[in-house]
Amino acid sequence: MNEILDQNNPGLKQGDNISGYFIKKVAKLEEINSVFYELEHTLTGTRHIHISKNDEENTFGVAFKTVPVDSTGVAHILEHTVLCGSNRFPVRDPFFSMLKRSLSTFMNAFTSSDWTMYPFSTQNRKDFYNLMDVYLDAAFFPKIDKLSFNQEGHRLEIEDDLKDAGSMKLVYKGVVYNEMKGAMSSPDQVLVQFLLKALYPDTTYSHNSGGDPVVIPSLTHDQLKAFHRRHYHPSNSFFYTYGDMPLKEHLNFIQEKILKKFERIDPKTDVLSQPRWNKPRKIIKKYPLGDSEDPSKKCQVCVAWLTADIKDFFEVLALILLEQILIGNSASPLHKALIDSELGTDLSDGTGFHDDNRDTMFVCGLKDVEESAAEKIETIIFDTLKGLVDKGVDKKLIESAIHQIEFHRKEVTNTPYPYGIKLLLTISECWFHGGDPERILRLDADLDRLKRELSIGSFFENRIKSYFLDNPHRVLFTLAPDQLMESKENNRVAAELDSVRASLSKSDIKKIQEDAKALRQLQESIEDVSCLPTLELVDIPPSVKSVKETTRYNAAAACYNQPTSGIFYFEAAIGAGSFRKQLIPLIPFFCFALPRTGTAVHDYTEMAQLIDAYTGGIGLSSHSCTSFEDNGLCLPLISFSGKCLVRNQGRMFEIIQELLCKLDFSDFARLKSLLYEYRAELESMVVRNGHMLAMSLASRNLSITCALNEIWHGIHQLQTIKSLTDDLAEDKLKSISGDLLSIGKNLFTRSNLKMALIGEDNSLSTASSLAASVQKALFHSPLEGGKGGVPANGFASPEIEFDDKIIMEGWSTSSAVSFVAQAFKTVRMGHEDAPALSVISKILRSMYLHREIREKGGAYGGFATYNSEDGIFSFGSYRDPHISATLKVYDGAVDFINSGRFVDEDVKEAILQVCSGIDRPDTPAVAAQKAFYRKVVSLSDEARKAFKERLLSLTRNKVVEVAGKYFDPNKSERSAAVISGEQKLKEANEKLPDHSQLTLYRI
């Protein structure tokens, strides 16, 4: 066997024994320029995969198969609780403490349906082993004490009954309890959870691994500890490392810290395949809808099939390609048939191929439908699939799907996770269930086999028959609204708590009170965290990362020569500041519709096929920015992005030119469909992104930039689209069509479009002439909107009305939890106080808000942010059981930061956190994209470096001084906005003083 060369691990080869491990496999991963190692620990059976790559962002992860037998959320609560102190690090919250003492680029923990994972990434070697030390001790030797279980899982507490003076009532509290109350308020999560229960009734997947709030209070502390003993053992563990650090050092560390202390066991955590049915089933389930909302056409209907074994990767690959063929874009046959039916507005939540479980599943359906439409939707799905089998699948669809696979395996990205963690998540399900992870990362053999079988014929047609048409293990599933569900659940909880209260003895009540007191004392105690490892300021480089333009191509665009692995990237910044007031709210929909609506040359189906066949994606998005020049003007921008394999550059530029120059919104049926689809996407974001939407509402009167951001991306954008789609008669569609055409012709002019070309040398040379052709084909600058015959300047501040009054608002939606935000104005990045404000945001989050909102209040999270671009300081909470109490916490945050109850070490830790964000690595393409947009908004590398230098020289005294300037105990200058259920908002107003009353609105 030829030895595989790996400069990071010279001499290591298959068959070697190293640090108690046996190297089972070594393989070259040509496509991602890496070396793959698969090992097994001889004594314990621990499995380990290492991917060696010249990437300084190193990754570690340890995962366990966690197989719940009920919906108490035991695996999820354990994930939280093991991070609350361990044998060698016996502090209350080592995980969140390490966030402050590290330069990690990612730190988190995940609970899936049948595994739990603890991953991190960092660029600093010392930091890597600091974090690994804490993670390993937390996972294998946690304290799991009762108070941590009470805090993170669930507990009973006694509160005064406001409706019955002198009496008391019981309440449930707990971080996971409230998190899952929020999760089960979201129709998308409710649907997927019910689907798992429906399709996998005889396996662990029928249980809610996150926890069902109805069942969570039945979990005991002893059950939690027993689950840890069985599942968190090396024999049930999977270790993963990635990056340019030597494997042998990782293995030595793990062996000495953990593995030598254990012996092999059989954890009995294998998940068996779901027994197959011989006939399909039909199921209807309910989700909560607010009683003020219209329940008509609020159902979701889908068909879900159990498909291939996760370990059969060739069949999994075939299903991944079938997903792209059937529903990958608006021209895909199943996608088009469902949307063209006009029975719903968008594909149902959960639609797609899911390779997350032991048996995979495929889902397809529609949302915003009548309950009576279920059988019609099922008929459309099966008629479409049968038509594909009878007539054959279009070869262009197959080629396009294979192209998408080829593109995305070639592209290196770090969004939403660092690349090393993305690779781990790619292989995890197959690996954990006994499959071959190397095969997933080396598709060549399977793609070659696929092409051979395609040449024989009927490959996908046969799989459509076997997986869909002839597969009896399927469900016709309907998710219907229930406007009484929330009140019924509240009544059930109240009755349950009344029953518990009636059964309590005096000693029981005393115990609850003592536990609550002990937990408060623990939460409020000032701990000595010196046992935890930490970085120092000398570990932080004073420089900032930058990417320079190259001028060698004599192009009209900014060019960035970057190692992009054979992929070319196009970016354009388009000024959007010269529109009439009536058109401004339409711009986000224009961005959504343009690549989906067709052109004067190709209809929308043809354009969708072209984009998928020749690019890795083309998209537009609107941005409300602020110039970093002294005037601080609002800069409304549209970004236009495209990417392709280098061989397809010419075809991508043809598509770009056609989209920019051959605008056509005359297909009213398509326009109507896109409006409904866009509305559905906005509606689904409310509960999912409630904290961000509340912060946008609270800050919208603080600057023109914030006002425009709310118009474009906030609740007001949803309201605009709702009013636009309430009655879509032809006259209205004709008017919208004309407005969209006007927007396009105003935007896509020669003087209003700044381009960037990103790639390797040969691709930039070709692209410069192609970009020049696009520039030449653009519209001439319009005179309309300019003054005195001067062309309108899109890179200018928009003329929008904005009221600078302070707001106190509550916005109601269907949610069992709240999102509470407060915002006020400070100063921007160029001011000498800006670094201190960024540090104050971290101090408040880690030292005060985390304790008061998460630990004490039971919300999933509480945070403070400082936006240096706009100078806006914000407080926010996520999945919060409180409103008035959280607003009081924000008042307390002002008092806390003014009190100066923090020391030099706290300031250092906050600086580390800020620097972690500044120094977060980017892929070559993203680094160039960011450099281009920094140029557009006039943010120089010199200004960034000056900010970081001031940050690193910051003292505690300076932080105290700046806090006194901007954190006025008189809160008259702080705006607040809350998103919650209507009843919760009314109850909050009963507790709030008159001057802090929330003005109530409906979303």
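Biologist: Where does His691 sit?
Modeller: In this predicted model, His691 belongs to helix α23, which covers residues 690-699.

Biologist: Is that side buried or exposed, for His691?
Modeller: His691 counts as buried, because its relative accessibility is 17% and the cut-off for buried is under 20%.

Biologist: And what is His691 in contact with, leaving aside its neighbours within four places in sequence?
Modeller: With those neighbours left aside, the contacts of His691 are Phe819, Phe863, Ser877 and Tyr878.

Biologist: Switching to Glu79, which helix is that in?
Modeller: Glu79 lies in helix α1, made up of residues 74-81.

Biologist: What is the nearest side chain of opposite charge to Glu79, and how far away is it?
Modeller: That is Arg854, at 6.9 Å, and Glu79 has no salt bridge although it is buried. A salt bridge would need a side-chain nitrogen of Lys or Arg within 4 Å of a carboxyl oxygen, so the separation from Arg854 does not qualify.

Biologist: Then what does Glu79 touch, not counting residues up to four places away in sequence?
Modeller: On that count, Glu79 touches Ala109, Phe110, Thr111, Thr116, Tyr118 and Tyr232.

Biologist: New topic: how many residues are in the largest nonpolar core, and which touch the most other members?
Modeller: The largest nonpolar core has 85 residues, and those touching the most other members are Phe570, Phe589, Phe640, Phe748, Leu757 and Ile979. There is also a second, separate core of 76 residues, with Leu849, Phe902, Ala931 and Ala976 among them.

Biologist: What does Phe570 touch, again not counting residues up to four places away in sequence?
Modeller: The list for Phe570 includes Phe640, Ser641 and Gly642, together with Met652, Phe653, Ile656 and Leu757.

Biologist: Phe640 keeps turning up; what stands opposite it in β21?
Modeller: Leu620 stands opposite Phe640 in β21. Strand β20, residues 617-626, runs antiparallel to β21 and is joined to it by 10 bridges. Strand β19, residues 567-575, is also antiparallel to β21, with nine bridges between them, and Ala573 stands opposite Ser639 in β21.

Biologist: How many residues of β21 are buried?
Modeller: In β21, residues 634-645, 10 of the 12 residues are buried, so the strand is mostly covered.

Biologist: Last one: how many disulfides does a search of the whole structure find?
Modeller: The search finds zero disulfides. Cys644 is an example, because its sulfur is 15 Å from the closest cysteine sulfur, in Cys559, which is too far for a bond. Cys644 is buried at 0% relative accessibility, and Cys430 is buried as well, with a relative accessible area of 3%.

Notes
Residues numbered from 1 in each chain as written. Predicted model: local features only at pLDDT ≥ 70, side-chain atom pairs only at ≥ 80, totals over all residues. Heavy atoms only, no water. Helix = DSSP H or I, 4+ residues; strand = E, 2+ residues; numbered from the N terminus. Buried < 20%, exposed > 50% of the residue type's maximum accessible area, 1.4 Å probe, protein only. Contact = heavy atoms within 4.5 Å. Lys, Arg positive; Asp, Glu negative; His and termini not counted. Core = buried A, V, L, I, M, F, W, Y, C linked by side-chain atoms within 4.5 Å. Disulfide = S-S within 2.5 Å. Pairing = 2+ DSSP bridges.
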